[in-house]
Amino acid sequence: MFGYLPDLDVPVDPNPMDFAAWMEVWLGNRWWTFDPRNNMGRKGRVVIGRGRDASDVAMATTFGGPFLRRMTVLAEEEPAE
């Protein structure tokens with residue numbers, strides 16, 4: 001599984017965001033989420049893909065020499081009613 005983890009309810013970090021891994025692991029008859037980069041509870045995980053490994057759900061599959069020109073992701077918490 002992989003996904004996006006927005007910066008909701010965390011201190012503002014002026015540094016550019018980096019890629020990091022978070023994962024789900026089957027332990028003790030249930031799924032657990034681990035986030036080794038942040039090492040703390042976070043909210044707002046957006047699951048993008050599930051599979052056995054990266055060949056099942058690759059974030060990007062490219063051939064040749066692709067270049068990422070720009071990527072913008074916006075995530076906002078919807079206010080409670």
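## A tryptophan-rich hairpin and its surroundings

Trp32 has a relative accessibility of 36% and counts as partly exposed. The model is predicted. Trp32 belongs to strand E3, and this report starts from that strand and works outward.

**Around Trp32**

Two features share this residue. One is a charge over its ring: the charged end of Arg30 sits 3.7 Å from the ring centre of Trp32. The other is a surface patch. Trp32 joins Met23, Leu27 and Phe34 in a nonpolar patch on the surface, and together the four have about 360 Å² of accessible area. E2 and strand E3 (30-34) are the elements that give two or more residues to this patch.

Why can Trp32 count toward such a patch? Membership asks for over 30% relative accessible area, no salt bridge and a nonpolar side chain such as Trp. Trp32 meets the area condition because its relative accessibility is 36%.

**The E2–E3 hairpin**

Strands E2 and E3 run antiparallel, joined by five bridges. Two of the pairings can be named. Leu27 stands opposite Arg30 in E3. Glu24 has Thr33 in E3 as its bridge partner. Leu27 also contributes to the nonpolar patch, and Arg30 places its charged end over the ring of Trp32. The pairing of Leu27 with Arg30 therefore brings together a patch residue and the residue whose charge sits over Trp32.

The turn has two residues between the strands, and there Gly28 takes a positive phi near 60°. Asn29 lies in the loop between E2 and E3. What is unusual about the phi of Asn29, given that it is not a glycine? The phi of Asn29 is positive, at about 65°. Most residues other than glycine have a negative phi. Asn29 is also exposed, with 67% relative accessibility.

**An aromatic pair**

How many aromatic pairs does the structure hold? The count comes to one aromatic pair. Trp26 and Trp31 make it up: their ring centres lie 5.3 Å apart and their planes meet at 65°, so the pair is edge-to-face. The edge-to-face class begins over 60 degrees, so the angle of 65° falls within it. Both rings belong to partly exposed residues: Trp26 has a relative accessible area of 47%, and Trp31 has a relative accessibility of 49%. Each value stays below the exposed class because that class requires over 50%.

**The salt bridge**

The structure holds one salt bridge. Glu24 and Arg50 form it, with their closest N and O atoms 3.2 Å apart. The pair links distant parts of the chain: Glu24 lies in strand E2 (residues 23-27), Arg50 in the segment after strand E4 (46-49), and 26 residues separate the two. The two ends fall into separate accessibility classes. Glu24 is partly exposed at 25%, whereas Arg50 is exposed at 53%. Glu24 thus has two named partners: Thr33 across the strand pair and Arg50 through the salt bridge.

**Loop residues and chain distances**

Three loop residues serve as reference points. Asp35 is in the loop between E3 and E4. Is Asp35 buried or exposed? Asp35 is buried, with 10% relative accessible area. The buried class covers values under 20%, so 10% places Asp35 inside it. Gly44 is found in the loop between E3 and E4, and Gly44 is partly exposed at 30%. Pro14 sits in the loop between strand E1 (2-4) and E2, where Pro14 is exposed at 76%.

The table gives a C-alpha separation for each of the three.

| Residue pair | Separation along the chain | C-alpha distance |
|---|---|---|
| Asp35 and Ala58 | 23 residues | 19 Å |
| Pro14 and Arg37 | 23 residues | 17 Å |
| Gly44 and Tyr4 | 40 residues | 8.3 Å |

Gly44 and Tyr4 are 40 residues apart along the chain, yet their C-alpha atoms are separated by 8.3 Å. For Asp35 and Ala58, 23 residues apart, the value is 19 Å.

**In brief**

The E2–E3 pair, with its five bridges, carries the nonpolar patch residues Met23, Leu27, Trp32 and Phe34. Glu24 of E2 ties to Arg50, in the segment after E4.

Key: Residues numbered from 1 in each chain as written. Predicted model: local features only at pLDDT ≥ 70, side-chain atom pairs only at ≥ 80, totals over all residues. Heavy atoms only, no water. Salt bridge = Lys/Arg side-chain N within 4 Å of Asp/Glu carboxyl O. Helix = DSSP H or I, 4+ residues; strand = E, 2+ residues; numbered from the N terminus. Buried < 20%, exposed > 50% of the residue type's maximum accessible area, 1.4 Å probe, protein only. Patch = residues over 30% accessible without salt bridge, like charges linked within 9 Å, V, L, I, M, F, W, Y side chains within 5 Å. Areas by Shrake-Rupley, 256 points an atom, 1.4 Å probe, with all protein chains shown as cover. Phe/Tyr/Trp six-rings, centres within 6.5 Å; stacked < 30°, edge-to-face > 60°. Lys NZ or Arg CZ within 6 Å of the ring centre and 35° of its normal. Pairing = 2+ DSSP bridges.
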